[in-house]
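These are my notebook entries on one structure, set down in the order in which I looked things up.

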Amino acid sequence: MAEILLFHHAQGLTSGVQAFAEALRTGGHLVHTPDLFDGRIFASIEEGLAHINETGFDAMRARAEHTANTLPPDLVYAGFSFGVVPAQRLAQTRPGARGALLFYSCLPISGEWAFGPWPRGVPVQIHGMDRDPIFVGEGDLQAAREIVETVEDAELFLYSGDQHYFADSSLPSFDADATSLLTRRVLEFLGRI
C-alpha cells in the first residue's frame with residue numbers, strides 16, 4: 001500500500017478529482033486530497049488561475065506544505081496541472097518521498113523554474129495528451145522529456161488527444177479510455193514502489 005498526497009487542479013477539488021482518488025483507494029492505497037481552495041470550484045481554468053493569483057502562489061505553497069507536514073515523510077506526491085507545482089516541489093525537496101505522479105504538467109529540473117535536480121531513488125510517472133496546447137505548448141512536455149532522459153526510474157506517457165483535464169470525470173474534457181489506461185498505469189506504478 002502507498003500513501004499518496006494528491007493535489008487538485010486550478011478548477012478545485014472537483015468530484016472528478018475525488019473520483020480518481022477513490023479509484024486509487026479501491027486499489028488499496030491511502031489517498032489524501034487536501035482542498036487548497038477551501039471548497040471553491042471554478043467553471044474554467046482561467047477563473048481558477050485568477051483565484052490562485054489573487055490568493056498568491058506563496059499562500060498556496062504554504063497550504064500545500066502545511067498539509068504535507070501533518071503527514072509522514074514517505075509519501076507519493078501527486079498533482080493535476082496546478083497541483084503538480086506543490087507535488088513536484090515536495091517530491092524533489094522533502095526527504096523521504098517514495099514517488100511522484102505528475103498529471104498534465106511538469107516543471108523542468110534545470111534552469112530558472114527548477115526546484116533543483118531530481119532526487120536519487122524517487123520514481124516518477126508523467127501523463128499528458130500529445131496535442132494538449134498547455135502540456136505541449138507551454139514547455140511541460142519538454143520538461144518531462146528532460147526528466148525521462150536523466151532520471152533512472154522515470155516514465156512519460158502520452159495519450160492521443162488535445163484535452164488538458166482529461167482524467168477528471170466531472171468535466172467536459174474527460175476522456176474515459178485515456179483515463180482507464182492512465183489509472184491502470186498509476187496502479188501498476190504504486191504496486192511496485
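**Largest pocket**

I began with the largest pocket, which 25 residues line, with V85, S105, L107, E138 and D140 nearest its centre. The model is a predicted one, and I read each entry below with that in mind. For the volume of the largest pocket I noted about 700 Å³. I then asked which elements give two or more residues to the lining of the largest pocket. They are α2 (45–55), α4 and α6. With 4 residues, α6 gives the most to this lining. Sorted by class, the lining of the largest pocket comprises 16 nonpolar, 5 polar and 4 charged residues.

**Helix α6**

I turned next to α6 itself, residues 140–150, and listed D140, L141, A143, A144 and I147 as buried. These residues lie on the same side of α6, because they cover an arc of only 160° around the axis. On the other side of α6, I found Q142, E149 and T150 exposed. D140 thus appears in two of my lists: it is buried in α6, and it is among the residues nearest the centre of the largest pocket.

What covers the buried residues of α6? I recorded α4 (84–93), β5 (124–129), α5 (133–137) and β6 (154–159) as included in that cover.

**Nonpolar core**

I examined the largest nonpolar core, which has 62 residues. Those that touch the most other members are I4, L6, F103, W118, I147 and L190. Helix α7 (residues 176–192) supplies the largest share of this core, with 5 residues. As background I noted that nonpolar side chains tend to be buried together in soluble globular proteins.

I followed W118 further and set aside residues up to four places away in sequence; W118 then touches Q88, A91, Q92, A100, I109, V124, I147 and V151. I147, one of these contacts, is also one of the buried residues of α6.

**Positive phi values**

I checked backbone angles with the expectation that most residues other than glycine have a negative phi. D38, not a glycine, has a positive phi of about 55°. I located D38 in the loop between β2 (30–32) and α2. S81, likewise a residue other than glycine, has a positive phi near 55°. I located S81 in the loop between β3 (76–80) and α4.

Is each of these residues buried or exposed? D38 has a relative accessible area of 61% and is therefore exposed, the cut-off being over 50%. S81 has a relative accessibility of 11% and so counts as buried, the cut-off being under 20%.

**T55 and P72**

I looked up T55, which lies in helix α2. Its relative accessibility is 25%, so T55 counts as partly exposed. Apart from neighbours within four places in sequence, T55 is in contact with M60 and R63. I also took the C-alpha separation of T55 and R192, which is 38 Å for two residues 137 apart along the chain.

My last entry concerns P72, in the loop between α3 (57–69) and β3. P72 has a relative accessible area of 32% and is therefore partly exposed. With residues up to four places away in sequence not counted, P72 touches E3 and R94. The C-alpha atoms of P72 and G96 are 8.7 Å apart, with these positions 24 residues apart along the chain as the sequence separation.

How values were computed
Residues numbered from 1 in each chain as written. Predicted model: local features only at pLDDT ≥ 70, side-chain atom pairs only at ≥ 80, totals over all residues. Heavy atoms only, no water. Core = buried A, V, L, I, M, F, W, Y, C linked by side-chain atoms within 4.5 Å. Buried < 20%, exposed > 50% of the residue type's maximum accessible area, 1.4 Å probe, protein only. Contact = heavy atoms within 4.5 Å. Arc of directions from axis to C-beta. 1 Å grid on protein atoms, 1.4 Å probe; cavity = no way out; pocket = protein on both sides within 12 Å on 5 of 7 lines; lining within 4 Å. Points joined across faces, edges and corners; volume = space filled by probe spheres on them. Nonpolar A, V, L, I, M, F, W, Y, C, P; charged D, E, K, R; others polar.
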